[in-house]
There are 2 protein chains.
Amino acid sequence: MKIGRRVTAEEVAKAVGVSRATVGFVLNDTPGQSISEDTRRRVLTAALQLGYRPNSAAQALARGYSDIVLLVLPDWPIDDVMHHLLTEIALALDEAGYTLVAWSPHVSGAGRPLWELIPADLVMGMAPFDAEQVAALHANGVAIFPEPDDPGQSGHGGGRFAAGPRLQVDHLADLGHRRIAYARPADPRLAFLAGDRFRLVHEQAGRRGLHVVDDRVTDLGSAAAAVRDWLNAGCTAVVAYNDYVASVVTGAALRAGVAVPDELSIIGHDDSPLAEVFVPSLTTVRINLRAIAQEVAAFALRKIAGAPAGLGDGPAIAATLVPRESTATPARNAVR
Amino acid sequence: MKIGRRVTAEEVAKAVGVSRATVGFVLNDTPGQSISEDTRRRVLTAALQLGYRPNSAAQALARGYSDIVLLVLPDWPIDDVMHHLLTEIALALDEAGYTLVAWSPHVSGAGRPLWELIPADLVMGMAPFDAEQVAALHANGVAIFPEPDDPGQSGHGGGRFAAGPRLQVDHLADLGHRRIAYARPADPRLAFLAGDRFRLVHEQAGRRGLHVVDDRVTDLGSAAAAVRDWLNAGCTAVVAYNDYVASVVTGAALRAGVAVPDELSIIGHDDSPLAEVFVPSLTTVRINLRAIAQEVAAFALRKIAGAPAGLGDGPAIAATLVPRESTATPARNAVR
DNA sequence: CTGAAAGCGCTTACAG
DNA sequence: CTGAAAGCGCTTACAG
């Protein structure tokens, strides 16, 4: 579809009666051009009143860069936490003069992927993606964070980003729980990330001598049955994928007459606003989003600079326990 | 920052040994060119293995359009509902061959606004913006939805989008409540929209003969005091800005020993996932996001086509009551 | 201080 | 079927 054309710098030049180049110099504040104050003012005035706005495509083409970083996200539900992370990334990149565009590919048909449409200096994807997605992204020149080859990284939840799930387990272990369950979200788009987090929980449970009795998708419909099964299997606590899943499990337990935390402790992940408000308030784990955002930004800047972008040896991303009402020592069903 | 250069179509042409134009015709599947199957295949193969990807800036410049719609959002917290709305808008535009970029300007410094950087066919803002913002956006050629001049529209909450707040009031009136309070969110970024919704609640309350006793910002810290004050003032119900605010008020009430809904009814807005999970589950109002999304998309397409983009006489956006546990008939403090 | 011009990498008539 | 070329609207040396 053709677009109504706009005023060009050429026309501004004509209106003022100066050369095309002069207009460019004034508009871009090009240093070392000594243009008379009067000329400068006239150009600026004319540009303003003609409604001149530079054509960004032409600008990007001529300059060879655009100062845009395009971040491709998995097709996740974007919750408060994700949104917060994106904001922090945008801020970190902004400090370096880059503007962040966050975009999730959608299923459908006619529209083309954004990385074919906008002139980004860097297109990067934020893991986890499955193998097929990684291949497709790489074929399109999309860098992926963290780098899948990076040792010690298993998607977004692996390696240095493992503190959250570990802390969930540690908290329950410290309270004296021995048998726990893992509750996954129902949304299939989260299956991959949930798998990552579950693996970390499972490993840490092994280290701390806990039994992970069950690992189950939990939505509003199925949560009540899951809670019953877990109690029957001797569970005294549940690790939830995130605070929303924790609230689903908690809500189901309460409605089934199971006291939280007296009969079942439940810990969430993310410290989303919901966790503090829920009754009972939800014990959870807060991860250092700003630190992750700064890694992402640093990764992007290194890639743009053409440097090898391996994550190197930065410190592990910290997680903090946020203890609230939904966890306590096991009062019943405690195994030895 | 200069970017590492990429393979051009020129180089593909050289590699294959055909003219630059031929490459373009093959790549774009230009009709009416009758290129031999062999040539076509060789071009495609070479492009693939050289890793050719078209330069989008050059493409946009030469074509004069980009198939991008840039949607500028107020700097809101993006919750599930907003995200859902954006997804629906993206889908609706996708059907017309456009790719949506959603972007919120952030406060800070170095990065330039996205509309100066990407070659969008249309830049539109989704209201509400305050007067100052509207002026700034207009100066940058940003179209605003809904059009502020449009009669019967007062920002995003006005006119045809008024069904939600009205329904909140109607539900409470139908139940027999006579004195109600309005609970606003603490986030200052939402002040403008909250003002819109409050106005609609106030008007509808007047129509239904209800008294709006108080209108107050409610966060976790202040909610308990607010609940006490409301009860003392004879309120039997609260209209909340959205489900999160409703959950804050409900949580505070329960912790203060005030029974919900027996002593205080609370109704939210949006039907976010939280509303169903909370204990007690929250009565709320669901708005037809898809209908709004389709309006937004239609508005965009009309603007791009250069047509007058007035919203015209579309039907009002529907809202549906979602009755749950947090509202009931007033048991106490009922006025006459 | 200013003008004439090449070049960014595409698209797309226009000749052959 | 293919080649030579103008043009999109900028930036930016290079002469004057």
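Q: Which helix supplies the largest share of the surface near DNA strand C?
A: In this predicted model, three helices each supply at least two residues of the surface near DNA strand C, namely helix H4 (56-63) of chain A together with helix H2 (20-28) and helix H4 (56-63) of chain B. By class, that surface has 13 nonpolar, nine polar and two charged residues. The largest share, five residues, comes from H4(B).

Q: Which residue has a side-chain N or O atom 3.0 Å from a phosphate oxygen of DNA strand C?
A: Of the 24 residues around DNA strand C, those that come nearest are A:Ser19, A:Ser34, B:Arg20, B:Asn28 and B:Gln59, and sugar and phosphate account for 65% of the strand's atoms that come within 4 Å of the protein. A polar backbone atom of A:Ser19 is 2.8 Å from a phosphate oxygen, and a polar backbone atom of B:Ala9 is 3.2 Å from a phosphate oxygen. The residue that places a side-chain N or O atom 3.0 Å from a phosphate oxygen is B:Asn28.

Q: Which strands of the open sheet in chain B stand at the edges?
A: Four strands of chain B form this open sheet with parallel pairing, in the order E2-E1-E3-E4. Two of them have a single partner strand each, so one side of each is left without a neighbour in the sheet; these are strand E2 (99-103) and strand E4 (143-145).

Q: Which residue of E4(B) stands opposite B:Met126?
A: Strand E3 (residues 122-126) of chain B pairs with E4(B) in the parallel sense over three bridges. In E4(B), the residue opposite B:Met126 is B:Phe145.

Conventions
Residues numbered from 1 in each chain as written. Chains lettered and ligands numbered in written order. Predicted model: local features only at pLDDT ≥ 70, side-chain atom pairs only at ≥ 80, totals over all residues. Heavy atoms only, no water. Near = heavy atom within 4 Å. Polar contact = N/O pair within 3.5 Å; in protein donor to acceptor, adjacent residues only side chain to side chain. Nonpolar A, V, L, I, M, F, W, Y, C, P; charged D, E, K, R; others polar. Pairing = 2+ DSSP bridges.
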